[in-house]
Amino acid sequence: MSSGRWIDYAGRLEKAGADALELNVFVIPVAMKMGHHFTGMANIFKALSDEGADWLVLFNRFYRPDVDIENFRVIPAKVFSVPQEITLPLQWIAILSPMLKCDLAATTGVHNSGGLIKQLLVEAKAVQVCSALYQNGIGHIRTLISCLQNWMERHNFNRIEDFRGMLSQENIENPEVFHRSQYIKALVGIA
Ligand SMILES: Cc1cc2nc3c(=O)[nH]c(=O)nc-3n(C[C@H](O)[C@H](O)[C@H](O)COP(=O)(O)O)c2cc1C
């Protein structure tokens, strides 16, 4: 909200080697880390992008409470995400990337190179990994990168830009798959 000590810290972080800063606030258009509980979410994100936000980070995963039915207490739910949670940011990055001027970074549910590659395919420009680093240690980043390189070699891609966005909504033949809200087609074939 005001120019205070954070500016000093920002400078120190830059000197320490940070390439970018993500501010978890809602007034400064650097990178805005967003939740997914907005009414008219796409409109809000478009307005932020039009107002000059350089990046949107989709989606923050907030602390979740759970209920302990034996001890009648409210307890913290699982702190770490699971890979299945990737689908929400994946869907919205695919839909929004063609619509917005700003760049999109993906967060939530990226645990392995498959998740990283999926996010790049739907046009994420940066991919964040948090839970998987807590669980596997910082060396996991090296594994993610080497698996990404193997995958790129297998598919004859030299650079990330050769495949980034290949499966964003505007680049696929049947863009409605990103809007489908019914299970009917998914159920065909299930006994
Ligand atoms: C222990 C822990 C602390 C976190 N603290 C913050 C925080 O201070 N600010 C924030 O924006 N996100 C915070 N997050 C959310 C992560 O940055 C990330 O968006 C979220 O965990 C989803 O990504 P993941 O599936 O890779 O874990 C925290 C996550 C964990 C597990």
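## Group meeting: a walk through the fold

Let me start with a helix. Looking at what covers the buried residues of H3, you find helix H2 (41–51), E2, E5 and H4 among the elements involved. The residues being covered there are Pro89, Leu90, Trp92, Ile93, Ala94 and Leu96. Before I go further, a reminder that this is a predicted model.

Okay, stepping back for the overall layout. The chain has 191 residues, and 21% of them are buried. Along the principal axes, its C-alpha trace spans about 60 × 55 × 40 Å. You've got seven helices and six strands in there. Reading from the N terminus, the order of elements is α-β-α-β-β-β-α-β-α-β-α-α-α. And for those of you who like contact maps: take the contacts with a separation of 6 or more, and 58% of them are between residues 24 or more positions apart.

Now the sheet. Four of the strands make an open sheet, ordered E1-E2-E5-E6, with parallel pairing. E1 and E6 sit at the edges, each of them pairing on one side only. Going in from there, E2 and E5 pair in the parallel sense, with four bridges, and valine 57 is the residue that stands opposite alanine 105 of E5. On to the next pair: E5 and strand E6, which is residues 126–127, are also parallel, over two bridges. Here alanine 105 turns up again, standing opposite alanine 126 in E6, while alanine 106 stands opposite valine 127 of that strand.

How do you get from E5 to E6? Through H4: E5, H4 and E6 make up a β-α-β unit, and it's right-handed. In H4 the buried residues are Gly115, Leu116, Lys118, Gln119 and Leu120. On spacing, remember that an α-helix has 3.6 residues a turn, so residues three or four places apart point the same way. The cover over the buried part of H4 includes H3, E5, E6 and helix H6 (140–154). Right after H4 comes glutamate 123, and its phi is positive, near 95 degrees.

So what's in the middle? The largest nonpolar core has 28 residues, and Leu56, Val57, Leu58, Ile93 and Leu104 are the ones with the most contacts inside it. At least two core residues come from each of strand E1 (31–34), strand E2 (55–58), helix H3 (87–96), strand E5 (103–106) and helix H4 (113–121). Which element gives the most to this core? That's H3, with five residues.

Let me zoom in on one of those. What is isoleucine 93 in contact with, once you leave aside its neighbours within four places in sequence? The list is Leu58, Leu104, Ala106, Gln119, Val122, Glu123 and Ala124. Two familiar names there: Gln119 is one of the buried residues of H4, and Glu123 is the one with the positive phi.

Last stop, the ligand. It's surrounded by 15 residues, and the closest are Arg61, Ser81, Thr107, Cys130 and Ser131. By type, that shell splits into six nonpolar, seven polar and two charged residues.

If you take away one picture, make it this: an open parallel sheet in the order E1-E2-E5-E6, a right-handed unit of E5, H4 and E6, and a 28-residue nonpolar core to which H3 gives the most. That's all from me.

Definitions and conventions. Residues numbered from 1 in each chain as written. Predicted model: local features only at pLDDT ≥ 70, side-chain atom pairs only at ≥ 80, totals over all residues. Core = buried A, V, L, I, M, F, W, Y, C linked by C-beta atoms within 7 Å. Buried ≥ 20, exposed ≤ 12 C-beta atoms within 10 Å, placed from the backbone. Contact = placed C-beta atoms within 7 Å. Pairing = 2+ DSSP bridges. Right-handed = clockwise from strand over helix to strand, strands pointing away. Near = placed C-beta within 6 Å. Nonpolar A, V, L, I, M, F, W, Y, C, P; charged D, E, K, R; others polar.
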